[in-house]
Every structure is written in structure tokens, then in C-alpha cells.
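Biologist: I should be grateful for a close look at the aromatic pairs in this structure. Please describe where the partners lie and how their rings are arranged.

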Amino acid sequence: MNCKGPDLLLLATLLALGTLNNELGSLGGDNAQYILLAKSLATGQGYRTIHEPGAPPHTLYPFGFPLMLAPIVALKGAHAFFWMHGAVIAWALLAVFLWTRWVQREAHLGVALITLGLIVTTPLWVEGCGQILSEFPYLTCSLGSLLCARRYLGQQKVVSSAGVSLVLCLLATYFVRTVGITLIVALVAWILLKRVRTGDGRL
């Protein structure tokens with residue numbers, strides 16, 4: 001990245017950090033569910049809906065995001081919203097970095113920087129940084145999967161380090177949000193088509 005890249009990453013960091021707070025955030029309920037599930041994991045109760053009578057096993061949300069929050073809950077408690085927001089912001093900034101890497105390879109560096117600037121200055125991105133939700137971890141895992149898939153195709157091997165990384169990223173994507181199954185299907189189809197059409201595994 002040229003001199004403008006770090007400037008935009010700094011802008012993204014400042015905008016994201018501006019949302020850092022010690023409040024629960026959205027009253028939609030998903031964030032509270034994630035935190036309670038993280039508390040269930042952190043307190044050794046398994047993956048259960050502990051706020052319901054009998055604490056039944058939880059089946060609505062996958063365990064990925066609550067598992068990410070569990071160490072914070074274990075160390076700081078279930079009301080450590082400041083640290084949870086900080087974790088979400090870290091995922092958001094990592095997503096920005098991975099997005100820049102992807103676009104820079106697929107297009108021109110200038111396009112990567114323009115799209116980066118547009119993304120980090122949108123109200124939706126800034127608002128998302130202030131919510132304890134799974135969107136940014138999911139986005140990060142999805143972008144990591146795309147980058148690993150491209151690297152895997154370039155290695156021209158059935159089993160490789162990039163292939164292992166790809167599998168781990170795809171599993172993380174699915175276990176953060178079950179809609180990640182669509183990405184798994186799409187990337188498997190993409191890889192198979194590239195192998196069949198090119199024979200050399202290159203993009």
C-alpha cells in the first residue's frame with residue numbers, strides 16, 4: 001500500500017474507536033443473547049439458553065461469536081461491554097485490512113483505496129462498530145476464506161497449508177453465522193471450476 005493506505009486505515013481506526021463505549025448498545029436482543037451464551041460457555045454450563053427455565057441447550061445461534069466473547073466474560077464479567085465493543089472493533093479493522101488486500105489484487109490499488117474510503121465512512125459501518133454483534137467477525141472470516149481460496153488455487157496442490165487455512169476459515173465463517181454455508185458451497189464450486197477449466201489452479 002502507498003502512503004494513502006495507512007492514512008485510510010488510521011481514519012478507519014479513529015472512526016471505529018469513536019464508537020467505543022461501555023453500553024450494551026442495540027435493544028434488538030441479539031447482542032444480549034450472544035453475551036448470555038458467552039456467559040454460559042465461560043461458566044462451564046455448556047452452550048445453553050441460561051435465561052430460560054431449565055436452561056435448555058441453545059439451537060438458534062451458532063457458537064462461534066459467543067465463544068469469541070467467552071474469554072472477556074470469564075475475565076471481566078458479563079457486563080464488560082467496553083471490552084466486548086473493543087473486540088468487535090478489532091474484527092472490523094481486520095476486515096478492512098483483508099478487504100484492501102483482496103481488492104488490491106483483483107483490481108488496482110487506487111480502486112482498493114477508494115472502496116476502503118467509501119466503506120469506513122458509511123454510517124452503517126461506523127454504527128456496526130458500536131454494536132456487539134457477529135457481522136464483523138463473519139465478514140472477517142469470509143474475506144479470510146476468499147484470500148485463502150485464491151492462495152490455495154495458486155499452490156497447485158490438493159493438500160497444502162493454504163488448503164488447511166481455507167478449511168479453518170470456512171468452518172469459522174459457518175460457526176459464526178450459519179449463512180456461511182452458502183460461502184462454503186460457492187467456494188467449493190469456484191475451486192472445482194477453476195481446476196477443471198485451467199488445469200493449473202491459477203486465477
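Modeller: What follows describes the aromatic pairs, and then turns briefly to a surface patch. The model is a predicted one. Counting rings whose centres lie within 6.5 Å, one finds six aromatic pairs. One of them joins Y34 and F65, whose rings are arranged edge-to-face, with 4.9 Å from centre to centre and 90° between the planes. Because Y34 belongs to helix α2 (residues 30-42) and F65 to helix α3 (residues 64-76), this pair ties together parts that are 31 residues apart in sequence. Y34 and F65 are both buried. Ring pairs also bring in Y61, so that Y34, Y61 and F65 are linked into a cluster.

Another of the pairs is formed by W125 and F136, again edge-to-face, with 6.0 Å between the centres and an angle of 65° between the planes. Here W125 sits in helix α6 (residues 123-129) and F136 in helix α7 (residues 135-155), eleven residues apart, and the pair links distant parts of the chain. Both W125 and F136 are buried.

Turning to the surface, F63, L67, V164, V167, L168, L171 and F175 make a nonpolar patch of about 600 Å². Helix α8 (residues 161-176) supplies the largest share of this patch, namely five residues. V167 is located in helix α8 and has a relative accessibility of 47%, so it counts as partly exposed. L113, by contrast, lies in helix α5 (residues 109-120) and is buried, its relative accessible area being 9%.

Technical notes
Residues numbered from 1 in each chain as written. Predicted model: local features only at pLDDT ≥ 70, side-chain atom pairs only at ≥ 80, totals over all residues. Heavy atoms only, no water. Helix = DSSP H or I, 4+ residues; strand = E, 2+ residues; numbered from the N terminus. Buried < 20%, exposed > 50% of the residue type's maximum accessible area, 1.4 Å probe, protein only. Patch = residues over 30% accessible without salt bridge, like charges linked within 9 Å, V, L, I, M, F, W, Y side chains within 5 Å. Areas by Shrake-Rupley, 256 points an atom, 1.4 Å probe, with all protein chains shown as cover. Salt bridge = Lys/Arg side-chain N within 4 Å of Asp/Glu carboxyl O. Phe/Tyr/Trp six-rings, centres within 6.5 Å; stacked < 30°, edge-to-face > 60°.
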